[in-house]
Amino acid sequence: MKAVRMHGYGGVDQLFYEDGPEPKITQPDEVIVRLEAAAINHIDIWNRMGTTGVALALPHILGADGAGIVSETGEEVGSLKPGDAVCLYPPTGCGHCEFCLTDRDFMCIRLRALGERLEGTYAQFVKLPAQNCFPIPAGLSFEEAAAFPLVFITLWRMIVTNAGLKPGETLLIIGIGGGVASATLQVAKKLGARVIVTSGSDEKLERAKSLGADHGINHRAQDFAQAVGQWTAGRGVDVVLDCVGGEVWRKSLASLARGGRLVTCGATAGGQPIDDLTAIFSKQLKIYGSTLGSREEFRQLLSFLSASQIKPVIDSVFPLEEAAAAQRRLEEAKQFGKIVLRIPQ
Ligand SMILES: NC(=O)c1ccc[n+]([C@@H]2O[C@H](COP(=O)([O-])OP(=O)(O)OC[C@H]3O[C@@H](n4cnc5c(N)ncnc54)[C@H](OP(=O)(O)O)[C@@H]3O)[C@@H](O)[C@H]2O)c1
Ligand SMILES: [Zn+2]
């Protein structure tokens, strides 16, 4: 099959579009999906650079997100048949640890996610457990169905389960150009929240406003914590989504109202920020670290996407062959929303 395989850690020059072996079913609960589309996430770049701490077996196929048609099923699979259109839930677990044994395999101590310990979706075929395949929400194309799973499941757990964002509350989203950020804007508006966004680009702030953002702040032009204070008449916001970290973190804490909640799932600008413990205790703040989400949260999300008719924001679509250029676009933060790969048939 055609695939983009990574032959070593480093830059995009480690990605090669080439022929590789097709996956074979080895467990009775597995299926093989012929992919129509895949999507790029920042985790692909961390994995390519070798900064995640997960040792990859090389050559390796990156990609946590995909959608396509089931082509083959293991003998114990009863829920799916060849020809079914599916989107993919990225994580699975070891099956033996405390978390797997209590239906929380997304928290497994030996997590196996697509594109990491499992071969990923930058390929014509992918193998995964049948329980990781879900029907595509009505009205979504394959490209849209590949674009939403990782970012939407992550934000759903952060914003709905952890932060418990309520109608009428104010949410601040840092770096609206990111995939998690733009998806959070869409969900938060449907939930009836007021949303402030930040970006280093005025153009991205305008796009965010067209998606319903109530206020945009260019963090290159002004201190966003001060700007948030002014816009909220000194009160601050109820919830901050900060997946950027680094120097931004302290300003995110400063933007919160008393009793506010901060959610994080990443640290694009640095994982060792200067903290502000005084702000955390004196303002009675809550900080939620989050990664991925459960199958039950994924089911809730699919239902929400159908009911709300939200479609993920697609920045651009590249042919699989041009995965390196697609990753470079994300690395340079040129995107607004998701970058998708179209898989040749
Ligand atoms: N744990 C999980 O389950 C999970 C799942 C998905 C993502 N993540 C993590 O979450 C983070 C976001 O991922 P993503 O793919 O959505 O997007 P991303 O590509 O990492 O985010 C890019 C956006 O963050 C903003 N940004 C980057 N550096 C910045 C800085 N120094 N100061 C201010 N803003 C900055 C930029 O926004 P503007 O372009 O608007 O300026 C940029 O477009 C990543 O760290 C990723 O690894 C974690
Ligand atoms: Zn486990």
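Mentor: Two strands pair if DSSP finds at least two bridges between them. The model discussed here is predicted, and this rule is applied to its strands.

Trainee: What makes strand S1 and S2 a pair?

Mentor: Strand S1 covers residues 2-6, and 5 bridges join it to S2. The rule asks for at least two bridges, so the two strands pair. They run antiparallel. In S2, tyrosine 17 is the residue opposite valine 4.

Trainee: In what order do the strands of that open sheet stand?

Mentor: The order is S2-S1-S4, with 3 strands and antiparallel pairing. Strand S2 (15-19) and strand S4 (60-61) each have a single partner strand, so they stand at the edges, and one side of each lacks a neighbour in the sheet.

Trainee: How do you know that S11 and S12 belong together in a sheet?

Mentor: Strand S11 (residues 170-173) and strand S12 (residues 194-199) run parallel and are joined by 4 bridges. At least two are required, so this is a pair as well. One position to look at is threonine 170, which stands opposite arginine 194 in S12.

Trainee: Which strands make up the open sheet that holds them?

Mentor: That sheet has 6 strands in the order S13-S12-S11-S14-S15-S16, and its pairing is parallel. Strand S13 (215-218) and strand S16 (286-289) are edge strands because each has a single partner strand, which leaves one side of each without a neighbour in the sheet. On average, neighbouring strands of this sheet are turned by 20° against each other, direction ignored. Helix H4 (residues 179-190) packs on the sheet and touches S11, S12 and strand S14 (237-241). The direction of H4 makes about 165° with that of S11.

Trainee: Why is serine 182, which lies in helix H4, called buried?

Mentor: Its relative accessible area is 2%, and buried means under 20%, so serine 182 qualifies. Not counting residues up to four places away in sequence, serine 182 touches Ile176, Phe336 and Gly337. A polar atom of its side chain also lies 3.3 Å from the backbone oxygen of glycine 179.

Trainee: Why is threonine 102 placed in another class of exposure?

Mentor: Threonine 102 has a relative accessible area of 41%. Buried is under 20% and exposed is over 50%, so a value in between is called partly exposed. Threonine 102 is found in the loop between S7 and strand S8 (112-113).

Trainee: What makes the approach of threonine 102 and arginine 104 a polar contact?

Mentor: Their side chains are joined at 3.1 Å. The limit for the N or O atoms is 3.5 Å, so the distance meets it.

Trainee: Which residues of the largest nonpolar core touch the most other members?

Mentor: They are Phe148, Phe152 and Ile173, in a core of 58 residues. The elements giving two or more residues to this core include helix H2 (142-147), helix H3 (149-162) and helix H9 (295-308). H3 gives the most, with 8 residues. Another core, of 40 residues, lies apart from it and has Val70, Leu114, Phe318 and Leu330 among its members.

Trainee: How many aromatic pairs are there?

Mentor: The count comes to 6. One of them joins tyrosine 89 and phenylalanine 298, at 5.3 Å centre to centre with 55° between the planes. An angle under 30 degrees would be stacked and one over 60 edge-to-face, so this pair is tilted. Tyrosine 89 lies in the loop between strand S6 (85-88) and strand S7 (91-92) and phenylalanine 298 in helix H9, so the pair ties together parts 209 residues apart in sequence.

Trainee: Why is the pair of phenylalanine 134 and phenylalanine 298 given its class?

Mentor: Its ring centres are 4.9 Å apart and its planes stand at 70°, so the pair is edge-to-face. Phenylalanine 134 belongs to strand S10 (residues 133-135), so its pair with phenylalanine 298 in helix H9 ties together parts that are 164 residues apart in sequence. Ring pairs link Tyr89, Phe134, Phe148, Phe152 and Phe298 into a cluster.

Trainee: How do you know whether arginine 261 is buried or exposed?

Mentor: Its relative accessibility is 10%, and the cut-off is under 20%, so arginine 261 is buried. It is found in strand S15 (residues 256-264). Its side chain makes a polar contact with the side chain of glutamate 169 at 2.9 Å, and reaches the backbone oxygen of glycine 164 at 3.3 Å.

Note on methods
Residues numbered from 1 in each chain as written. Chains lettered and ligands numbered in written order. Predicted model: local features only at pLDDT ≥ 70, side-chain atom pairs only at ≥ 80, totals over all residues. Heavy atoms only, no water. Axes fitted to C-alpha atoms, helices over the stretch in contact; angles between N-to-C directions. Contact = heavy atoms within 4.5 Å. Core = buried A, V, L, I, M, F, W, Y, C linked by side-chain atoms within 4.5 Å. Buried < 20%, exposed > 50% of the residue type's maximum accessible area, 1.4 Å probe, protein only. Phe/Tyr/Trp six-rings, centres within 6.5 Å; stacked < 30°, edge-to-face > 60°. Polar contact = N/O pair within 3.5 Å; in protein donor to acceptor, adjacent residues only side chain to side chain.
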